[in-house]
Amino acid sequence: MNKQLIKCSMVACLDTADRIFKDGYLIIEDDRIVDIGFLKDLSQQANFNIVVNLGNRLVMPGLINATPTHP
């Protein structure tokens with residue numbers, strides 16, 4: 001199993017709640033996003049194969065399977 005951590009200055013989820021995580025992270029296992037949150041809440045015990053620090057960048061996950069809400 002490939003487990004990756006992506007750190008960035010902002011994660012915009014684009015879900016129904018429009019959640020935004022300033023100083024956030026994504027955890028990806030194989031080809032799926034399994035967790036999103038604030039860096040301060042990230043468990044220090046977690047082990048990752050790859051850690052990517054994107055610095056002062058915005059990450060907007062979930063656009064691959066996006067479907068239009070209007071006809």
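Q: Which residue forms a salt bridge with E29, and how far apart are the closest N and O atoms?

A: Start with the general idea: side chains of opposite charge can pair when their charged atoms come close. In this predicted model, the partner of E29 is K3, and their closest N and O atoms lie 4.0 Å apart. The pair ties together distant parts of the chain, with E29 in strand β2 and K3 in strand β1, 26 residues apart.

Q: Is E29 buried, exposed or partly exposed, and why?

A: Buried is under 20% relative accessible area and exposed is over 50%, with partly exposed in between. E29 has a relative accessible area of 24%, so it counts as partly exposed.

Q: How many salt bridges are there?

A: The count comes to three. Another one pairs R19 with D15, with the closest N and O atoms 2.6 Å apart. R19 is partly exposed because its relative accessible area is 38%, and D15 is partly exposed too, at 25%. Then there's K40 with D41, where the closest N and O atoms are 3.7 Å apart. K40 has a relative accessible area of 71%, so it is exposed.

Q: Let's zoom out. How many helices and strands does the protein chain have?

A: Zero helices and five strands. Reading along the sequence, you get the pattern β-β-β-β-β. Of the 71 residues in the chain, 28% are buried. The accessible surface of the chain comes to about 5,400 Å², and carbon and sulfur atoms account for 52% of that.

Q: What share of the contacts between residues at least 6 apart in sequence join residues at least 24 apart?

A: A contact can link residues that sit far from each other along the sequence, and this number tells you how often that happens. Here the share is 50%.

Q: Which residues make up the largest nonpolar core?

A: General idea again: in soluble globular proteins, nonpolar side chains tend to be buried together. Here the largest nonpolar core has nine residues: I6, C8, V11, C13, F21, L26, I28, I36 and V59. Strands β1 and β2 each supply at least two residues of this core. A second, separate core has five residues, including L5, I27, L42 and F48.

Q: Take I36 as an example. What is I36 in contact with, leaving aside neighbours within four places in sequence?

A: I36 is in contact with V11, C13, F21, Y25, L26 and P61. V11, C13, F21 and L26 also appear in the list of the largest core.

Q: Where can I find nonpolar residues on the surface?

A: Look at M10, L14, I20, L58 and M60, which form a nonpolar surface patch. Together they have about 440 Å² of accessible area. Try clicking on L14, in the loop between β1 (3-12) and β2 (20-29). L14 counts as partly exposed because its relative accessibility is 46%.

Q: What about a polar residue like S9: buried or exposed, and why?

A: S9 is in strand β1, and it is buried because its relative accessible area is 16%. For a residue like this, check what its side chain meets. The side chain of S9 makes a polar contact of 3.3 Å with the side chain of N56. A polar atom of the S9 side chain also lies 3.1 Å from the backbone oxygen of R57. Not counting residues up to four places away in sequence, S9 touches F21, K22, D23, G24, G55, N56 and R57.

Q: D23 is in that list. What is its phi near?

A: Most residues other than glycine have a negative phi, and most peptide bonds are trans. D23 has a positive phi, near 55 degrees. It sits in strand β2 and is partly exposed because its relative accessible area is 42%. Leaving out residues up to four places away in sequence, D23 touches C8, S9, M10, F38 and L39. D23 and K40 are 17 residues apart in sequence, and their C-alpha atoms are 8.1 Å apart in space.

Q: And where does D30 lie?

A: D30 is in the loop between β2 and β3 (32-38). Its phi is near 55 degrees, a positive value in a residue other than glycine. With a relative accessible area of 47%, D30 is partly exposed.

Note on methods. Residues are numbered from 1 along each chain as its sequence is written. This is a predicted model: local features need pLDDT of at least 70, side-chain atom pairs count only at pLDDT 80 or more; totals for chains, interfaces and linings use all residues. Side-chain values use heavy atoms; hydrogens and water are left out. Patches are made of residues with over 30% relative accessible area and no salt bridge: like charges are joined within 9 Å, nonpolar side chains (Val, Leu, Ile, Met, Phe, Trp, Tyr) within 5 Å. Accessible areas come from the Shrake-Rupley method with a 1.4 Å probe; for residues, only the protein chains shown count as cover. A salt bridge is a side-chain nitrogen of Lys or Arg within 4 Å of a carboxyl oxygen of Asp or Glu. Helices (H or I, at least four residues) and strands (E, at least two) are DSSP runs, numbered from the N terminus. Buried means under 20% relative accessible area, exposed over 50%, partly exposed in between (1.4 Å probe, protein chains only). A polar contact is a pair of N or O atoms within 3.5 Å; within protein, one must be able to donate a hydrogen and the other to accept it, and residues adjacent in sequence count only if both atoms are side-chain atoms. Contact means heavy atoms within 4.5 Å. A nonpolar core is a set of buried Ala, Val, Leu, Ile, Met, Phe, Trp, Tyr and Cys residues joined through side-chain atoms within 4.5 Å.
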